[in-house]
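The following exercises invite the reader to examine a protein model step by step. Each task is followed by a worked solution.

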Amino acid sequence: MNEVKWTNDLSVDVELIDDQHKMLIEHLNNFAKAVEQHQGPTEIASTLSFLIDYTDFHFSMEEREMKAHNYPAYDTHKAKHEEFKTILVYMESEFRDDGPTAILAESIDTLLVSWLVKHIRVVDVEFGMFLKDRGIAISEEG
Ligand SMILES: [Fe+2]
């Protein structure tokens, strides 16, 4: 698989969001690598659970800030997040049932990686522009 790399073209121009996206991508790469290298079930399960936890943490931060600033596209943005979380739950059950199969490795690429890159480029960039236009600064504490 091709490791995803955070590069400037993935920037949403909001430092906190960019920093969290870098972490999210790192967790995604760790999970993908663990599956691809057929690491032990405990190792794979733990990279996946880190990814799930960090995803929840990051999405919650974005959703909290969207709500706090009456972001008009809150509902559709949140629905996208739910979509990604559903894919993660699906992966977790696939892995539990069948282990680190080639199909699982491939679906990490086709489902998770491409989803995330597109989401950042389109949906998160829009939110970043909203924040910048209004001069809103966000922080980890909310
Ligand atoms: Fe988002």
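**Exercise 1. Determine how helices H1 and H2 are arranged relative to each other.**

Solution. The model is a predicted one. Step one is to take the two elements, helix H1 (residues 15-36) and helix H2 (residues 41-68), whose axes lie 9 Å apart and whose packing angle is about 160 degrees. Step two is to classify this angle: angles over 145 degrees count as roughly antiparallel, and H1 is therefore roughly antiparallel to H2. Step three concerns the handedness, and the crossing of H1 and H2 is left-handed.

Step four identifies the residues in contact. From H1 come Gln20, Met23, Leu24, His27, Leu28, Asn30, Phe31, Ala34 and Val35, and they meet Glu43, Ile44, Thr47, Leu48, Phe50, Leu51, Tyr54, Thr55, His58 and Met61 of H2. Sorted by class, the contact of H1 with H2 comprises 12 nonpolar, 6 polar and 1 charged residues.

**Exercise 2. Describe the surroundings of Gln20 and state whether Gln20 is buried, partly exposed or exposed.**

Solution. Gln20 is located in helix H1. For the burial class, one counts C-beta neighbours: a residue is buried at 20 or more within 10 Å and exposed at 12 or fewer. Gln20 has 18 C-beta neighbours inside 10 Å and therefore counts as partly exposed. Leaving aside residues up to four places away in sequence, Gln20 touches His58 and Met61. A further distance links Gln20 to Thr55: the two are 35 residues apart along the chain, and their C-alpha atoms are separated by 9.3 Å.

**Exercise 3. Establish how H1 packs with helix H4 and which residues form the contact.**

Solution. Helix H4 covers residues 102-133, and H1 and H4 pack at about 175 degrees with axes 10 Å apart. This angle makes H1 roughly antiparallel to H4. On the H1 side the contact is made by Ile17, His21, Leu28, Phe31, Ala32, Val35 and Glu36, and on the H4 side by Leu104, Ala105, Ile108, Leu112, Val113, Leu116, Ile120, Asp124 and Gly128. The contact of H1 with H4 holds 12 nonpolar, 2 polar and 2 charged residues.

**Exercise 4. Carry out the corresponding analysis for H3 and H4.**

Solution. Helix H3 spans residues 74-98; the axes of H3 and H4 come within 11 Å and cross at roughly 165 degrees. H3 is thus roughly antiparallel to H4. The crossing of H3 and H4 is left-handed. His77, Lys80, Phe84, Ile87, Met91, Glu94 and Phe95 of H3 meet Leu104, Leu111, Leu112, Trp115, His119, Val123 and Phe127 of H4. By class, the contact of H3 with H4 consists of 10 nonpolar, 2 polar and 2 charged residues.

**Exercise 5. Find where His38 and Asn70 lie and describe their phi angles.**

Solution. The background is that most residues other than glycine have a negative phi. His38 lies in the loop between H1 and H2. The phi of His38 is positive, about 50 degrees, although His38 is not a glycine. With 13 other C-beta atoms within 10 Å, His38 is partly exposed.

Asn70 lies in the loop between H2 and H3. Asn70, likewise a residue other than glycine, has a positive phi near 50 degrees. Only the burial class remains to be found: Asn70 has 8 C-beta neighbours inside 10 Å and so counts as exposed.

**Exercise 6. Characterise Lys33 by its position and its exposure.**

Solution. Lys33 belongs to helix H1. Since 16 other C-beta atoms lie within 10 Å, Lys33 is partly exposed. The C-alpha atom of Lys33 is separated by 8.9 Å from that of Ile44, which is 11 residues away along the chain.

**Exercise 7. Summarise the protein as a whole: how many helices and strands are there, and what are the overall dimensions?**

Solution. The protein contains 4 helices and 0 strands, and the pattern along the sequence is α-α-α-α. The C-alpha trace spans about 45 × 25 × 25 Å along its principal axes. A compact globule of 142 residues would have a radius of gyration near 14 Å, and the value of 16 Å for the protein agrees with this. Buried residues account for 17% of the 142 residues. Among contacts with a separation of 6 or more, 73% join residues 24 or more positions apart.

Definitions and conventions. Residues numbered from 1 in each chain as written. Predicted model: local features only at pLDDT ≥ 70, side-chain atom pairs only at ≥ 80, totals over all residues. Axes fitted to C-alpha atoms, helices over the stretch in contact; angles between N-to-C directions. Parallel < 35°, antiparallel > 145°, perpendicular 65-115°, else oblique. Left-handed = near helix turned anticlockwise from the far one by under 90°. Contact = placed C-beta atoms within 7 Å. Nonpolar A, V, L, I, M, F, W, Y, C, P; charged D, E, K, R; others polar. Rg over C-alpha atoms; globule rule 2.2 N^0.38 Å.
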